[in-house]
Amino acid sequence: MEPVAAERYGRAPQEAAPLWPVLDFYCPAAKLAVEVDGLGHDDGADEKRTAWLATEGIRVLRFTAAEIEDRPAMVVAKIAQAAPPSTA
């Protein structure tokens, strides 16, 4: 947790323990994670993380940084397709 956020939420950074793993984007209502794969995503840890998330009922969508930059409409369409419609 960033120090500013810690002040806002009343906890010191060392007390904050994020749910492993840290995700790029996560929507709890949809149990949907979106991961942006860049240069540091080729060590096998991604597959382990995705498998663990699946055991928690969390679906993971992965996009490369190039896909997001070059084909944003495709990325948005896939996220919209994976996420349930809002009831708000």
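Start with the whole chain in view and ask how far apart in sequence the touching residues are. Among contacts with a separation of 6 or more, 50% join residues 24 or more positions apart. Keep in mind as you look around that this is a predicted model.

Now switch to a cartoon. You should find four helices and three strands, and walking from the N terminus the elements go α-β-β-α-β-α-α. Of the 88 residues, 23% count as buried. If you turn on a surface, about 6,500 Å² is exposed, with carbon and sulfur atoms supplying 58% of it.

**Stop 1: the sheet**

Select the three strands. They form an open sheet in the order β1-β2-β3, and the pairing is mixed. β1 and β3 sit at the edges, each pairing on one side only. From one strand to the next, the twist averages 15°.

Look at β1 and β2 together: they run antiparallel and are joined by three bridges. To see a bridge, pick Phe-25, whose partner in β2 is Val-34. Then move to β2 and β3, which pair in the parallel sense over six bridges. Here, try Glu-35: its bridge partner in β3 is Arg-62.

Is β2 mostly covered or mostly open? Color by accessibility to find out. It is mostly covered, as five of its six residues are buried.

**Stop 2: the hairpin turn**

Zoom in on the link between β1 and β2. This hairpin has four residues between the strands, and Lys-31 takes a positive phi near 50°. Ala-29 is in this loop too. With a relative accessible area of 75%, Ala-29 counts as exposed because that is over the 50% cut-off. Next, draw a distance from Ala-29 to Ser-86: the two are 57 residues apart in sequence, yet their C-alpha atoms are 9.5 Å apart in space.

**Stop 3: helices on the sheet**

Bring in α2, residues 45–55. This helix lies across β2 and β3, and runs at about 150° to β3. Then add α4, which packs on the sheet and touches β2 and β3; its direction makes about 175° with that of β3.

While α2 is on screen, click on Arg-49, which belongs to this helix. Is Arg-49 buried or exposed? Its relative accessible area is 14%, so Arg-49 falls under the 20% cut-off and is buried. Show its side chain as sticks and you'll see a polar contact with the side chain of Asp-46, at 2.3 Å.

**Stop 4: the cores**

In soluble globular proteins, nonpolar side chains tend to be buried together. To see that here, select Leu-32, Val-34, Leu-61, Phe-63, Met-74, Val-75 and Ala-82: these seven residues make up the largest nonpolar core. β2 (32–37), β3 (59–64) and α4 (72–82) each supply at least two of its residues. Which element gives the most to this core? That is α4, with three residues.

Center on Val-75 for a closer look. Leaving out residues up to four places away in sequence, Val-75 touches Phe-63, Glu-67 and Ile-68. For your last selection, take Ala-33, Leu-53, Ile-58 and Val-60, which are among the five residues of another core, lying apart from the largest one.

How values were computed:
Residues numbered from 1 in each chain as written. Predicted model: local features only at pLDDT ≥ 70, side-chain atom pairs only at ≥ 80, totals over all residues. Heavy atoms only, no water. Core = buried A, V, L, I, M, F, W, Y, C linked by side-chain atoms within 4.5 Å. Buried < 20%, exposed > 50% of the residue type's maximum accessible area, 1.4 Å probe, protein only. Contact = heavy atoms within 4.5 Å. Areas by Shrake-Rupley, 256 points an atom, 1.4 Å probe, with all protein chains shown as cover. Polar contact = N/O pair within 3.5 Å; in protein donor to acceptor, adjacent residues only side chain to side chain. Pairing = 2+ DSSP bridges. Axes fitted to C-alpha atoms, helices over the stretch in contact; angles between N-to-C directions.
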